[in-house]
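Dear colleague,

I am handing over the structure we spoke about, and I would be glad if you could look through it with the notes below at hand.

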Amino acid sequence: MSLVQVNTEGGVYPIHIAAGRLNALAQSIPASTTAIAIVTNPTVDGLYGDQVRRALEESGKRVLTIMLPDGEEHKSWSTLNVIFDRLLAERLDRKALIVALGGGVIGDMAGFAAACFMRGVRFLQVPTTLLSQVDSSVGGKTAINHPLGKNMIGAFYQPVAVEIDTTVLNSLPGREISAGLAEVIKYGMIYDSQFFDWCGANMPALRQLNAPALAYAIQRSCEVKAEVVSQDERESGLRAILNFGHTFGHAIESGLGYGQWLHGEAVGCGMIMAAELSALVCGLPPAHVHAIRELVIASGCPSVPPAWSADKWLELMQVDKKTEGGQLRFVLLPHMGKAVVQTVEASAVREVLRRFESSTQE
Ligand SMILES: NC(=O)c1ccc[n+]([C@@H]2O[C@H](COP(=O)([O-])OP(=O)(O)OC[C@H]3O[C@@H](n4cnc5c(N)ncnc54)[C@H](O)[C@@H]3O)[C@@H](O)[C@H]2O)c1
Ligand SMILES: [Zn+2]
């Protein structure tokens, strides 16, 4: 088993990564816990619900399951209320433990519910998608969507532990694996060029769900995220580098309509575009741009952006959360393994978009 420690002001906690970890969940239940509420959805419950209930019942505590509908469209106030209704109806108290069993949607909702219920109860992250194992379950961001914006209502709230069972990825569709791999290779690009090279050498093994390769990729991703978040829990600076590729990626997601491309797919393509922009405005060598494109393609994510006018791209990117006073801000790579956040002239963005326009017409 590997262990990664997260150190934030909001909490110090372990991430345990191992095959079969679901069977050992009882070890992570605080002794004072009065009752355990598993928050999950029918898809994940059908696959792992019984196994997780059995493991948690070993603690001798009362265990109940709160079932939410599956899908990003349900990451909303009304679904959040389903959690509160049940917690109150079952008379759970401040010593209750909420267990988030599922992907990032479940993790974000269960985490936010834990932050609010009784002004805060403990919660355990049990992420079951690759994206949630390497990204959303670590660092304490929780949120729901508002009709006027994604992830707009939320809280920083750290779990008591993150329990990652690598074997659950065997049931995950290949597209979801590729989307998770986009965030994995992102960590190499922004923080660790050796890890980027390792991903290049091991991408076929990762896509075939080779267990040791996956375990290492998840561990290194969690380490990088933990290091970044430990330095900047509330995103006043450094944490923003985790958004590499996301300004273009979010434009793709919202321009096509959420759900057309998976988040990770849009980020994969967005990282190629951000690499081109980095070459233009801060000197990323062309060989590195090429390597980034090749690795995104090898991960199984799309590499050709939608063919929109530059005006449409710029309009979509204006609403990005990094935008300050109308100025476009991007995460850029001066070289592989190093990221900076800086404002970029619209003319430079237009130049990059023009290059992609000609590439899609070839
Ligand atoms: N809090 C953060 O820091 C953070 C970071 C990144 C993303 N997010 C959020 O995460 C969400 C996306 O998460 P996601 O990509 O995990 O999507 P998801 O939670 O929707 O899961 C994808 C699909 O896979 C299913 N599934 C989950 N585990 C499975 C398994 N082991 N086998 C088979 N199917 C399984 C789910 O039921 C769902 O249908 C978004 O809402 C995003 O905003 C949050
Ligand atoms: Zn992301």
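The notes that follow take up the metal site, the cavities, one helix and one residue in turn.

Please keep in mind throughout that this is a predicted model, and that the values given here were computed from it.

I begin with the zinc ion (ligand 2), whose protein donors are E183 through OE, H246 through NE2 and H263 through NE2, at distances of 2.0 to 2.2 Å from the ion. Along the chain, these donors of the zinc ion follow the spacing E-x62-H-x16-H. Because H246 belongs to helix α8 (residues 246-256) and H263 to helix α9 (residues 263-282), the pair ties together parts that are 17 residues apart in sequence. The two histidines can also be described by their accessibility: H246 is buried, with a relative accessible area of 5%, whereas H263 has a relative accessibility of 23% and counts as partly exposed, the cut-off for buried being under 20%.

Turning to the interior, a search of the whole structure finds 3 cavities of 30 Å³ or more, and the largest cavity has a volume of about 70 Å³. This largest cavity is lined by 10 residues, of which P306, W308, W313, L353 and E357 are the closest to its centre. Helix α12 (residues 346-361) supplies the largest share of that lining, with 4 residues, and by class the lining of the largest cavity comprises 8 nonpolar, 1 polar and 1 charged residues.

Helix α10 (residues 286-299) may also be worth a look on your screen. Helix α10 has 14 residues and reaches 20 Å from its first C-alpha to its last, which is close to the 20 Å expected at 1.5 Å a residue. Which residues of α10 are buried? They are V289, I292, L295, V296 and S299, and these residues cover an arc of only 130 degrees around the axis, so they lie on the same side of α10. The face of α10 that is turned away from this buried side carries P286 and A287, which are exposed.

The last item concerns A226, which has its place in helix α7 (residues 211-231) and is buried, with a relative accessible area of 3%. The C-alpha atom of A226 is separated by 7.2 Å from that of Q5, although A226 and Q5 are 221 residues apart along the chain.

With best regards

Key:
Residues numbered from 1 in each chain as written. Chains lettered and ligands numbered in written order. Predicted model: local features only at pLDDT ≥ 70, side-chain atom pairs only at ≥ 80, totals over all residues. Heavy atoms only, no water. Donors = N, O, S within 2.8 Å, 3.2 Å for Na, K, Ca; no water. Helix = DSSP H or I, 4+ residues; strand = E, 2+ residues; numbered from the N terminus. Buried < 20%, exposed > 50% of the residue type's maximum accessible area, 1.4 Å probe, protein only. 1 Å grid on protein atoms, 1.4 Å probe; cavity = no way out; pocket = protein on both sides within 12 Å on 5 of 7 lines; lining within 4 Å. Points joined across faces, edges and corners; volume = space filled by probe spheres on them. Nonpolar A, V, L, I, M, F, W, Y, C, P; charged D, E, K, R; others polar. Expected span 1.5 Å × (residues − 1). Arc of directions from axis to C-beta.
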